[in-house]
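User: I would like to learn how to read a sheet, a buried strand and a chain-chain interface from a model. Please take them in turn.

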There are 2 protein chains.
Amino acid sequence: MVKAIEGNLLVGQSGGPTPVINASLAGVISEAQRHSNVKTIYGMENGIEGLLQGKLKKIPEMSEKNIQLLASTPASALGSCRYKVQDDDYPKLLQIFKENNIRYFFYIGGNDSMDTCNKIAKLAEAEGYEMYVMGVPKTIDNDLPLTDHCPGFGSAARFTAVSTLGTGRDLEAMKTFDDVTIVEIMGRHAGWLAASSALLKRDVKDAPHLIYLPERTFKMDKFIEDVKTVHKELGYVFVAIGEGIRDESGEFIGAKNAVKDAFGHIAIALSEGPAAYLARTVNKELGLQARYNRSGTIQRAYSESVSDADRNEAFMVGQKAVELAVKGETGKMVTLVRGEGTEYKCTTGTASLEKVANVEKVVPDEFINAEGNFVTEAFKEYALPLLGSNLPEYYRFK
Amino acid sequence: MVKAIEGNLLVGQSGGPTPVINASLAGVISEAQRHSNVKTIYGMENGIEGLLQGKLKKIPEMSEKNIQLLASTPASALGSCRYKVQDDDYPKLLQIFKENNIRYFFYIGGNDSMDTCNKIAKLAEAEGYEMYVMGVPKTIDNDLPLTDHCPGFGSAARFTAVSTLGTGRDLEAMKTFDDVTIVEIMGRHAGWLAASSALLKRDVKDAPHLIYLPERTFKMDKFIEDVKTVHKELGYVFVAIGEGIRDESGEFIGAKNAVKDAFGHIAIALSEGPAAYLARTVNKELGLQARYNRSGTIQRAYSESVSDADRNEAFMVGQKAVELAVKGETGKMVTLVRGEGTEYKCTTGTASLEKVANVEKVVPDEFINAEGNFVTEAFKEYALPLLGSNLPEYYRFK
């Protein structure tokens with residue numbers, strides 16, 4: 001066994017937060033504190049963007065109580081960023097690593113962050129600087145490849161499923177007044193979270209009745225026809241849509257006058273958005289009373305619906321990243337591997353950062369129904385265990 | 001003591017649901033099952049509107065387990081309505097009461113429902129038909145008079161406070177990318193719920209930083225100035241607004257092209273809404289990246305953030321209504337009376353329906369700061385205990 005190098009550890013968080021991204025950070029810190037060759041733990045303030053400005057925060061020894069408190073705090077406690085590292089940033093990063101004797105590097109993030117992480121691992125190797133670099137997965141979008149699922153997804157999915165079930169009951173109760181509720185769910189290219197709206201549906205009356213994912217071209221005529229059909233049948237219609245649905249020409253629905261963000265992407269969050277637009281369209285075309293819910297960042301920051309499975313796994317991947325790095329692993333992302341048994345259980349594995357970087361895993365065909373307006377049982381089997389335990393049950397009068 | 005009349009009981013739910021409105025229904029049913037002079041329990045399907053169509057649902061004996069399950073189910077399990085009773089509906093109602101030997105009548109609702117309830121009590125009295133009529137308060141808007149607060153408010157306030165704290169941390173983490181989050185909170189005339197966004201704020205960095213309530217005229221210039229000031233100070237700004245904010249001319253903000261609902265009211269839920277409108281305005285006027293959250297009916301239907309105090313009180317007011325009716329009380333609404341001790345505790349009282357009907361209790365001056373852009377400590381002292389126990393605590397690095 002290799003004698004691990006002594007030195008300092010640097011950890012950062014990147015991209016959109018999740019309700020359990022700090023559990024991964026807590027896992028990193030907790031495990032690092034157990035290794036005598038890890039000297040000082042530094043956190044990046046606002047990820048790589050802050051690091052490039054020299055913003056390293058020394059993290060003092062944390063008590064078990066504070067580790068637990070951090071693990072149950074939503075959003076990125078170190079601060080996050082959406083910064084795309086430029087070619088000429090790399091020499092600067094190397095200099096910072098050397099100056100601070102950083103020998104262990106951990107980046108908690110999604111696709112873009114794994115790309116950054118990969119480039120940093122390659123940089124250290126090419127320059128002959130001994131540093132162990134590990135990616136720690138997180139994203140509510142669940143779109144990282146080579147892992148059964150992503151830490152953060154289960155908790156956001158639970159919020160989506162529970163809020164859909166509840167607001168579905170609300171709509172059902174109000175059916176003599178309201179007709180249609182449309183909920184807009186995060187996920188620009190991947191519809192995993194929108195699909196999760198169906199996970200607690202146990203009954204034909206339960207919400208949702210229709211689901212439209214970014215994986216399928218959105219056809220307005222078909223949508224209007226679907227809403228009409230369900231309304232005729234039940235007297236109310238609950239529709240879940242992924243925020244990133246697009247029409248035949250590839251245009252985002254309801255984002256006509258949207259401004260662009262720093263990356264030149266259409267900022268859906270700054271546009272009217274598809275739910276508001278579709279609610280108006282339903283009202284105009286069918287004369288039905290339609291409202292929309294767009295909980296926005298609440299989906300990824302709600303702390304009272306965290307999946308216990310998700311929180312434990314998020315902690316575990318952080319812990320494992322340190323354990324492996326100290327053993328000499330580098331250039332990998334920790335993955336979750338589902339056990340074969342009937343009872344849900346995940347262990348960890350690893351995947352090469354090279355293979356993870358910039359690959360987006362969208363919802364596969366077998367999880368979407370033929371009509372493209374709902375999910376399949378196979379999806380439910382895959383995703384339900386990720387919501388964790390103590391799922392709500394509701395009463396219904398016969 | 002009066003010997004209570006033998007006969008049947010009728011209970012209904014009205015108006016917008018709450019996360020605990022079924023706890024009140026469970027309280028009514030549970031207590032009614034203990035009184036031998038209550039023969040059959042009937043529920044109105046979709047309130048008075050369904051009742052007028054003869055939609056009475058016989059509720060069979062419920063087990064303790066089902067009572068508890070019902071009590072933790074959000075939305076109105078019997079179905080609700082927004083029907084304004086017409087003068088010529090009353091004779092029809094009386095006939096239905098007589099045909100079904102209804103001797104106990106309970107209506108769980110807000111201002112409009114208490115008016116309906118009052119008229120029904122008067123009708124029975126005028127016609128010499130012996131029936132005991134009690135109002136059971138519910139509304140997330142907290143705008144019923146003569147009660148310390150309204151069942152339903154505490155749970156919706158908890159969702160508001162927890163989601164604000166979490167999304168505030170999200171914004172703080174993303175401050176190198178996002179600048180402003182605006183959250184739209186229910187409450188057309190009364191800003192109690194929007195005010196509650198501040199209840200878990202413990203730090204100047206915590207959200208929200210600005211709150212605008214329908215109780216104050218919304219001035220765009222002042223708002224833009226406020227946002228600018230906070231942004232300069234912290235680098236990010238979290239704004240909470242009541243959906244019903246209006247400008248100097250009394251126009252709802254962001255509801256320019258709104259359609260009207262069945263009552264001829266501007267349907268804010270069908271309009272763009274103030275948050276989307278203000279996010280666009282901030283972006284245009286200040287060049288800041290602004291997003292908005294509008295969780296809509298999730299605020300009143302979320303079952304994983306129910307306040308235990310609220311659920312217990314909702315059950316208690318339902319129970320008490322039956323207990324009092326069987327003792328011969330009529331024409332009253334059950335109220336919540338706060339104890340004088342340092343530890344929060346409520347008991348029940350009663351108020352005449354006459355005095356409750358159609359009166360709206362808005363947020364008083366002492367709960368709003370002088371600038372009209374935040375709440376006072378007095379408000380926090382009043383409202384914090386209503387959120388219940390086990391409030392979340394988050395970690396923050398020094």
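User: What is the strand order of the open sheet in chain B, and what is its pairing?

Analyst: Strand order is read across the sheet, not along the chain. In this predicted model, the four strands of the open sheet in chain B run in the order E7-E8-E6-E9, with parallel pairing. Strand E7 (210-212) and E9 of chain B are the edge strands, each pairing on one side only. From one strand to the next the twist averages 20°.

User: How many bridges pair strand E6 with strand E8 in chain B?

Analyst: Six bridges, in the parallel sense, between E6 (residues 180-185) and E8 (residues 237-242) of chain B. To fix the register, take one facing pair: B:Val183 is opposite B:Ala240 in E8(B). Helix H8 (residues 220-234) of chain B packs on this sheet and touches E6, E7 and E8 of chain B. The direction of H8 makes about 150° with that of E8(B).

User: Now chain A. Is strand E8 (residues 237-242) of chain A enclosed or open?

Analyst: Burial is judged residue by residue, where 20 or more other C-beta atoms within 10 Å make a residue buried. Six of the six residues of E8(A) are buried, so the strand is largely enclosed by the rest of the structure. Then check each face: A:Val237, A:Val239 and A:Ile241 are buried on one side, and A:Phe238, A:Ala240 and A:Gly242 on the other.

User: Which strands of chain A pair with E8(A)?

Analyst: Strand E6 (residues 180-185) of chain A runs parallel to E8(A) and is joined to it by six bridges; A:Ile185 stands opposite A:Gly242 there. Strand E7 (residues 210-212) of chain A also pairs with E8(A) in the parallel sense, over three bridges, with A:Tyr212 facing A:Ile241. The connection from E7(A) to E8(A) passes through helix H8 (residues 220-234) of chain A, a right-handed β-α-β crossover.

User: How many residues of chain B are in contact with chain A, and which element gives the most?

Analyst: Count each side, then sort by element. 58 residues of chain B contact 58 residues of chain A. Elements giving two or more residues on the chain B side include helix H3 (64-71), helix H6 (153-173) and helix H9 (274-286) of chain B. H6(B) gives the most, with eight residues. By type, the chain B side holds 27 nonpolar, 18 polar and 13 charged residues.

User: What rotation superposes chain B on chain A?

Analyst: A rotation of 180° with 0.0 Å of shift along its axis, at RMSD 0.0 Å. That is the relation of a two-fold axis. The same surface serves both copies, as 100% of the contact residues of chain B recur in chain A. B:Ser295 comes closest to the rotation axis among the residues of chain B, at 2.0 Å (C-alpha).

Notes:
Residues are numbered from 1 along each chain as its sequence is written. Chains are lettered from A and ligands numbered from 1 in the order in which they are written. This is a predicted model: local features need pLDDT of at least 70, side-chain atom pairs count only at pLDDT 80 or more; totals for chains, interfaces and linings use all residues. Two residues are in contact if their C-beta atoms, placed from the backbone, lie within 7 Å. Ala, Val, Leu, Ile, Met, Phe, Trp, Tyr, Cys and Pro count as nonpolar, Asp, Glu, Lys and Arg as charged, and the others, Gly among them, as polar. Two strands pair if DSSP finds at least two bridges between them. Axes are lines fitted to C-alpha atoms, for helices over the stretch in contact, and angles run from 0 to 180 degrees between N-to-C directions. Copies are superposed by least squares on the C-alpha atoms of residues with pLDDT of at least 70 in both. A residue is buried if 20 or more other C-beta atoms lie within 10 Å of its own, exposed if 12 or fewer, and partly exposed in between; C-beta atoms are placed from the backbone. A crossover is right-handed if, with the strands pointing away from the viewer, the path from the first strand over the helix to the second runs clockwise.
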